[in-house]
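Reader: Hello! I work at the bench and would like a close look at one part of this protein, the salt bridges and what surrounds them. Could you walk me through it?

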Amino acid sequence: MSNQSNQIEDVRKELEQDSQNLSADEIKKKYLSKGGILNSLLRGIKEVALEERSRFGNEANELKKQIEQIIDAAQSDKHIEISTGEKIDVTAPFDINTSTDKRPELISARGSQHPLTKELEYVLGVFESMGFNIEECRQIDNDYNMFEALNFPIGHPARDLWDTFWTDENLIPPAHTSTMQNRVLRNYEIPIRVVVPGRCFRNEATDASHEHTLHQIEGVYVDENISVGDMIGTIKTYLEAFFQKELKIKLQPAYFPFTEPDIEFLINCPFCNGTGCSICGGTGWIEAMGCGMIHPNVLEEAGIDSKKYTGFAWGFGLDRLVMIKHGIEDIRWLHSGDLDFIKKF
């Protein structure tokens, strides 16, 4: 090995030690500056024999690459140090050096279905399996479909039972999905089996059990020889599918202008099995929906012979049934947009 080769080997050993102790700038100054070690070696090339100069030049180039790699590595370490210690991204949810177990939990980008949407899809699936068609409710309607076609003459006091919004054009955001009943009776051929989901709007104060906006599902069934027994069996089958348990039922009289007789459909409380609890107010029973046989005037208004055909209809608030099913104590949670509440479902 020539004297110059020995010098290069000595420089490598010194460089190895310096890489552990010196900064990138210090290494660069010591080895690559104009008066640095590498240039000193290269200036001595004139003392190398001609046949050795090529090999010496290659060794010197390899040494230079080694020096540059060490400088790059040192500068890379310095960059990380500056980004985490001296430069802080105030928009970042956590520092890049924060350990995984201490980083804040990020919300899933996939999200999840709202409980009302999830239960609505389930309910519609139940009715479809029972042979019902789905007809979506309108978001705005008129006086005829909201009242007159349903046996509410103009000036009838029963209109006051529905706290209705009116627009300046005398149109109505539906207060009940029965606003679609006349259209369903006119547009479908008998036998008619249709459910109508939709949002309803009522001009009333909100509290734990009432909201000005709610989801309702109307049901209509018309054919020959349809009786109250058919209605009870249909509604009970649906409710037991919804709560996924066998239920006891009770009927009590009510008043709706569009049905005769008019009935409130009650179920034994699913939480206490009818023994009485805070959910059912200690009665053991919960009102599930209003229902009844469709009034002959409503059938005739839709062009259906009420002497030949009969039918029944019902309407229930989906929000209330979802509250009962999941033990939600305040209906306002369903429309609050609270992510902590939504993540429970």
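Author: Happy to; what follows starts with the salt bridges and then visits a helix pair and one strand residue. Please keep in mind that this is a predicted model.

Let us begin with the idea itself. Side chains of opposite charge can pair when their charged atoms come close. In this model the count comes to ten salt bridges.

Which residues are linked in a network of salt bridges? They are Glu 14, Asp 18 and Lys 30. Taking the pairs in turn, Glu 14 forms a salt bridge with Lys 30, and their closest N and O atoms are 2.8 Å apart. Glu 14 belongs to helix α1 (residues 3–21) and Lys 30 to helix α2 (residues 24–32), so this pair ties together parts that are 16 residues apart in sequence. Lys 30 also meets the side chain of Asp 18 in a salt bridge, at 2.7 Å from N to O. Asp 18 lies in helix α1 and Lys 30 in helix α2, so here the parts tied together are twelve residues apart in sequence.

Are these three residues buried or exposed? Glu 14 is partly exposed, with a relative accessible area of 32%, and Lys 30 counts as partly exposed at 29%. Asp 18 counts as buried, because its relative accessibility is 10% and the cut-off for buried is under 20%.

Another salt bridge joins the side chains of Arg 332 and Asp 330, at 2.9 Å from N to O. Arg 332 is partly exposed at 36% relative accessibility, while Asp 330 is buried, with a relative accessible area of 15%.

Now for the helix pair. Helix α8 (residues 228–243) packs with helix α10 (residues 318–326) at an angle of about 45 degrees, and their axes are 10 Å apart. That angle makes α8 oblique to α10. On the α8 side, Tyr 238, Leu 239, Phe 242 and Phe 243 take part, and they meet Leu 321, Val 322, Ile 324 and Lys 325 of α10. Seven residues of this contact are nonpolar, none is polar and one is charged.

Finally, Glu 287 sits in strand β6 (residues 285–294). Glu 287 is partly exposed, with a relative accessible area of 41%. Leaving aside neighbours within four places in sequence, Glu 287 is in contact with Glu 264, Phe 265, Leu 266 and Arg 320. The C-alpha atoms of Glu 287 and Val 228 are separated by 18 Å, and these two residues are 59 residues apart along the chain.

Conventions. Residues numbered from 1 in each chain as written. Predicted model: local features only at pLDDT ≥ 70, side-chain atom pairs only at ≥ 80, totals over all residues. Heavy atoms only, no water. Axes fitted to C-alpha atoms, helices over the stretch in contact; angles between N-to-C directions. Helix = DSSP H or I, 4+ residues; strand = E, 2+ residues; numbered from the N terminus. Parallel < 35°, antiparallel > 145°, perpendicular 65-115°, else oblique. Contact = heavy atoms within 4.5 Å. Nonpolar A, V, L, I, M, F, W, Y, C, P; charged D, E, K, R; others polar. Buried < 20%, exposed > 50% of the residue type's maximum accessible area, 1.4 Å probe, protein only. Salt bridge = Lys/Arg side-chain N within 4 Å of Asp/Glu carboxyl O.
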